[in-house]
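Visitor: Could you take me closely through the surroundings of the ligand, and then follow the helices outwards from there? I would like to know which residues make each contact.

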Amino acid sequence: MERQTKVIAIANQKGGVGKTTTVVNLAAALSARRRAVLVIDLDPQAHATLGLGLEKQQGVSMYPVLIGLKDIADVIQPTKWNNLNVIPSEVDLAGAEVELAMREDRLSVMRNALAPVKESGAFDYIVLDCPPSLGLVMTSALAATDSVLIPTQAEYLAMDGLALITSSIEKLRAGVNPSLELNGIVFTMVNSVARLTQDVIAEVRNHFDDKVYETVIPRNVRVSEAPSMGTPVVFLDPRSKGAEAYKAFAWEFMAKNPTRVQVQKSSVPPAPEPKAADESEGISDNPVPSTQQTDAPADA
Ligand SMILES: Nc1ncnc2c1ncn2[C@@H]1O[C@H](COP(=O)(O)OP(=O)(O)OP(=O)(O)O)[C@@H](O)[C@H]1O
Ligand SMILES: [Mg+2]
């Protein structure tokens, strides 16, 4: 099996739609499936960093990499869970907008910065948490990524927001990133009993067809409590509705975005393989952290 690293930007110019929650829990669920994941926090709010249990640390972010002061390998931090790494955010990253504005290579700088880690094949997925704006950080992330995953709430004017970001994707595809794809749309914080919710979901599915993920993330209080514990809800409370939904979403995501490809070395067909260990295990309800288990409470 050969690994093909996929870069996915999780983006929506609208604030508070569940981007960071999706980054943190998708990454956590993928890591529990033994996929090597690197989260890159591109938002100076640093919510993904904190949600993955890391502290902000000056000089440890994409900022010094973007300005050529550090190698990307020097800012990759492990989390307390196996297969789950992060390039944190910190206050300096707020300067990236201004820095990029002054650079002629502003649209290629992020892509060039990511190239060594993408080419190293060390990760299955590199997941970028974008800030809520159509600014230069988000644009440079779209220029650097293979695909864009858009979390959205199922509410009035959702289609307008989706139209805005998909037109940005079109512009980048026509310019610096011709292979940029819409990875998909995932509904977050869904209150499934509301009539409007169902209408919006139907309208978006009608327009974007199979680009809309089947899995829908429900509104769930455990999801909103997890960030303050610095632990993704899929690890904190794996049986909660929110965690179950994110695990199902990660499964669907992996099927649609495979990174392990069979390399045919000879014309002799390979013997049938036993079911791969990492596929059959499922997401453990108690993923083993690389260090001691946290003081997270048992299943509530
Ligand atoms: N499924 C959910 N159920 C309940 N609360 C949720 C859920 N998803 C996200 N939230 C909460 O909603 C708020 C916004 O979510 P989040 O920070 O993920 O959005 P965001 O799009 O990254 O925001 P920003 O645009 O500020 O970066 C957070 O307080 C989060 O805990
Ligand atoms: Mg966010």
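Guide: In this predicted model, ligand 1 is surrounded by 19 residues, and the closest of them are G15, K19, T20, T21 and P132. Two elements give two or more residues each to this shell, namely α1, which spans 19-32, and α9, which spans 221-225. The largest share, three residues, comes from α1. Sorted by class, the shell holds ten polar residues, six nonpolar ones and three charged ones.

Since α1 gives that largest share, the helix is a good place from which to move outwards. Helix α1 packs with α11 at an angle of about 70°, and the two axes are 9 Å apart. The two helices are therefore roughly perpendicular to each other. On the α1 side the contact is made by N25, L26, A29 and L30, while α11 brings Y246, K247, F249, A250, F253 and M254 to it. Taken by class, the residues of this contact divide into eight nonpolar, one polar and one charged.

A250 is worth a closer look within this pair. The residue lies in helix α11, which covers residues 241-256, and it counts as buried because 23 C-beta neighbours lie inside 10 Å, where 20 or more are needed. When its neighbours within four places in sequence are left aside, A250 is in contact with L26, A29, L30 and R33. One of these partners, L30, is 220 residues away from A250 in sequence, and yet the C-alpha atoms of the two are 6.1 Å apart in space.

Beyond α1 the chain enters the loop that leads to β3 (37-41), and R34 lies in this loop. The phi angle of R34 is near 60°, a positive value in a residue other than glycine. With 17 other C-beta atoms within 10 Å, R34 is partly exposed.

A second residue with a positive phi is L157, whose value is about 75° although it is not a glycine. This leucine is placed in the loop between β7 (147-153) and α7. Around L157 there are 11 C-beta neighbours inside 10 Å, and as the limit for an exposed residue is 12 or fewer, L157 counts as exposed.

From that loop one reaches helix α7, residues 158-174, which packs with helix α8, residues 195-208, at an angle of about 30° and with the axes 10 Å apart. That angle makes α7 roughly parallel to α8. In passing α8, α7 makes a right-handed crossing. The residues in contact are A158, M159 and L162 from α7, together with V200, E203 and V204 from α8. Five of the residues in this contact are nonpolar, none is polar and one is charged.

Helix α7 also appears among the partners of α6. All nine of the nine residues of α6 are buried, so this helix is largely enclosed by the rest of the structure. The residues concerned are L136, V137, M138, T139, S140, A141, L142, A143 and A144. They pack against the strands β2 (6-10), β6 (125-129) and β7, and against the helices α4 (96-102), α5 and α7.

The pairing of α6 with α5 can be described in more detail. Helix α5, residues 109-120, packs with helix α6, residues 136-144, at an angle of about 50°, and their axes are 7 Å apart. That angle makes α5 oblique to α6, and α5 passes α6 in a right-handed crossing. V109, M110, R111 and L114 of α5 make the contact with S140, A141, A143 and A144 of α6. Six of these contact residues are nonpolar, one is polar and one is charged.

These parts can finally be set against the whole chain. The secondary structure of the protein chain comes to twelve helices and nine strands, and of its 300 residues 43% count as buried. Among the contacts in the chain with a separation of 6 or more, 80% are between residues 24 or more positions apart.

Technical notes: Residues numbered from 1 in each chain as written. Chains lettered and ligands numbered in written order. Predicted model: local features only at pLDDT ≥ 70, side-chain atom pairs only at ≥ 80, totals over all residues. Near = placed C-beta within 6 Å. Helix = DSSP H or I, 4+ residues; strand = E, 2+ residues; numbered from the N terminus. Nonpolar A, V, L, I, M, F, W, Y, C, P; charged D, E, K, R; others polar. Axes fitted to C-alpha atoms, helices over the stretch in contact; angles between N-to-C directions. Parallel < 35°, antiparallel > 145°, perpendicular 65-115°, else oblique. Left-handed = near helix turned anticlockwise from the far one by under 90°. Contact = placed C-beta atoms within 7 Å.
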